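Work through the following exercises on aromatic rings, using the sequence and the model shown here.

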Amino acid sequence: MKLDPITLSVIQAGLQQVCDEMDLSFSRSAFSPVIAEANDRSDGIYSAEDGSLIAQGAGGLPVFVGTMQYSTRTLIEMIADGSVLEPEPDDIYIVNDPYLGGTHLMDVRFARPYYRKGEIFCWLSNTGHWPDTGGAVPGGFSASATAVEQEGLRLPPVKLFKRGQLDREIYSIICSNIRVADQRIGDVKAQASALAIGEQRLDALLDRYGDAAVREAIAELRKRARTQMSACIGTIADGVYESTAWVDSDGVVDEPLAIRLKITKAKDQLTFDFNGSSPPCMGPMNSVLATTLSSVYLAMRHIFPEVPISAGAFEPLKVLRPSGTFLDAQYPRPVSGCAAEVSQRIAEAVFAALVVALPERITAAPAGTSGNFALGGHDPERGRDFVMYQLSGGGYGGNADHDGLSNGCSTIGISKAPPVEIMEQIFPVLYHRYALREGSGGAGAHRGGFGLEYELELRRGDARASFVMDHGRYGPQGALGGADGACNEVTVWRNGVPHTPLHLSKEQDISMLAGDRVHVKTPGGGGYGDAFSRDPQLVLTDVELSRYSNAQARSLFGVVIIDGAIDQQATQELRREQRPVSE
C-alpha cells in the first residue's frame, strides 16, 4: 500500500506523541529532582531489527538520540548471540554499562519489547539520570577516578522486570551498592511506568491505522529524513573544514585535552575525522564511542533542526572511529564526564569547523558545560543521608541574527536546573544568590549570552562536594572575529577561607560543614562577529541594565559612554583607531 501525505504526517505525529507522553509520565512520577524537575531523561521508539531510532520525545535530551539507538542495537545483538536472556512480554531490561552504548553510569537505561500478534514490533526505551549509582563519591561524578569501578555500579543488560514483576533479587543487589537506596524505587517505578504508557499509546495508534500502514510509514519517514539531511548537506561547499576544541583537563593530569576535527564534505555526505585528538586520559573525561557518535548527531541537529529525528537523518553522516584517542574509551577507562562535558566539546568542534561554511546557521560556542555539582552527606534534622545533584545553564553563542540566549540549557539537552525552592525543600541547603553572571558574554557584533552565578550554603550536618565541569581554562570560542565567553569559576568557602580546585572546575571529596558555601559562575557564550561593529545603542542598553560596565563598553566594544549617553564622536574615533579586542 502507498500512504497519502496526510496519513503519513498523522502517523509521524502519532509516534512523536507516544514518546512525548512517555517523557511527561516519567518526569511527573519520578522522585528525584534531577528527573522530576530538571527533566534529565529521554524516551524513544526503536526498530526491532537493528535498534535504529524511529521516534524520540521532543522533550528528551538530544545526546541520548545516538546512545539509545546504539544501546538498543547492542541489546538486540546480545540477545541473538545468547549472552542475554530472550525477551518475553512485559519484560524490562536495565543497563547502564557505558561501553555497551551508554554515556556514564548515572544514565540508567530501560528497554521493553513491544509485541504485536506474538512478535516484537519494536522496542520502547528510556534513559533517566539517577542521582547516585554508588562509587567513590556521592552523585557519581568522581573527578579523580582512574577506573570505571570507582564511578559506581556497572550493570550489563539484565531483566529487572520479568513479565511485569520486579525481580527483587536484582533490585536488592542494586540497592546494596548505591546511596539513599530507599528513594530509588520511586524513580524505578516511574521509568517502568513511562514504558507502559508508551505501550498503551502505541496500541491505540496501531489499532487505528493498522500494523502494515505504520510499518510503511516508519520506513518512509526514515527514507525522507535521510533525503532531507542529504539535501541540507548539499548546501555546504565541497572541501575540508577543520577545528580544535579543548577540554580543560581530565581531573587527574592537569593538562588540556585536544579534540581535533577534520570534516570532509563530498557530494551529499559529511565525514568526521577525530583521529588527531589526544590519547586516552587517566581521569574521567574519556568518551565512549556511542557518546562521540551521538555528539556529532546532536551538533548536526542544532545546525539543521528542520530534519526530523530519525535514524535516516544520521545515515549521510560518517564518523570515523577515533581509535587510540580519548573519544573512543575502552574498559576500564573512567567516563563520568563524557556525556555532560566532553560531548559538548565535540559539538563545539563541529560548530567551529562549519561556521565558515554555514555562517547564517551556526552560532559561536555556547557555555559547553552542564555544571555538574554533587553534594552528599547527612541531614541531622531529618535523620537521613542525602545526595543532591545540581546542573546549571550558561550563555549561548551569538549568531548572525541576534545575541546569544542567557542562562540557557546545555548543548546536549533541554534539561533545566531544578527550581531553587525545590532544592531547599528537599536538601539542607540555602541559596544566597541565583542570578545572571553579568559581563560574561563574549563581545561581538552579536554578543554571547550570559552565564549563571549562584551561591549556596550547607545549613546543617556535614557533606562532601564534587565537581565535574569544564571551560574553566578556556572560555567558549567566539566565531568570525567574536571574543570568547568568560570561563567557568568555582570557589568553595570553608570556615571563611576560599578554596579553588586545582583543576579549576573539577575536584571531588571537598569536605563541608554547616555554614560553608559553594560559589559557581558558569561560562558566557562566545561572541559572533567584530565587536567594534556592534550597534552602539545595543551596547548602551546592556550598560543601562548593568550587563557591562562603562569600562567594558569602551574596551570590548569601542563605545564611549559619558553620563548615560553615547559620545558619538569619541566612539567613532576609538573604533577607527583601535583594532577589535578579538583580533
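Rings of Phe, Tyr and Trp (its six-membered ring) count as a pair if their centres lie within 6.5 Å, and the pair is stacked with planes under 30 degrees apart, edge-to-face over 60 and tilted for the rest. The model is predicted, so that local features need pLDDT of at least 70 and side-chain atom pairs count only at pLDDT 80 or more, while totals for chains, interfaces and linings use all residues. Residues are numbered from 1 along each chain as its sequence is written, and side-chain values use heavy atoms, with hydrogens and water left out.

**Exercise 1.** Describe the pair of Tyr 99 and Tyr 331, one of the 13 aromatic pairs in the structure.

*Solution.* With 5.9 Å from centre to centre and 85° between the planes, Tyr 99 and Tyr 331 are edge-to-face. Tyr 99 lies in the loop between strand S3 (92–95) and strand S4 (107–116), and Tyr 331, 232 residues apart from Tyr 99, in the loop between strand S11 (317–319) and helix H8 (338–354); helices (H or I, at least four residues) and strands (E, at least two) are DSSP runs, numbered from the N terminus. Tyr 99 has 19% relative accessibility and is therefore buried, whereas Tyr 331, at 47%, is partly exposed; buried means under 20% relative accessible area, exposed over 50% and partly exposed in between (1.4 Å probe, protein chains only).

**Exercise 2.** Classify the pair of Phe 141 and Tyr 389.

*Solution.* The ring centres of Phe 141 and Tyr 389 are 5.4 Å apart and the planes stand at 20°, so the pair is stacked. Both residues, Phe 141 and Tyr 389, are buried.
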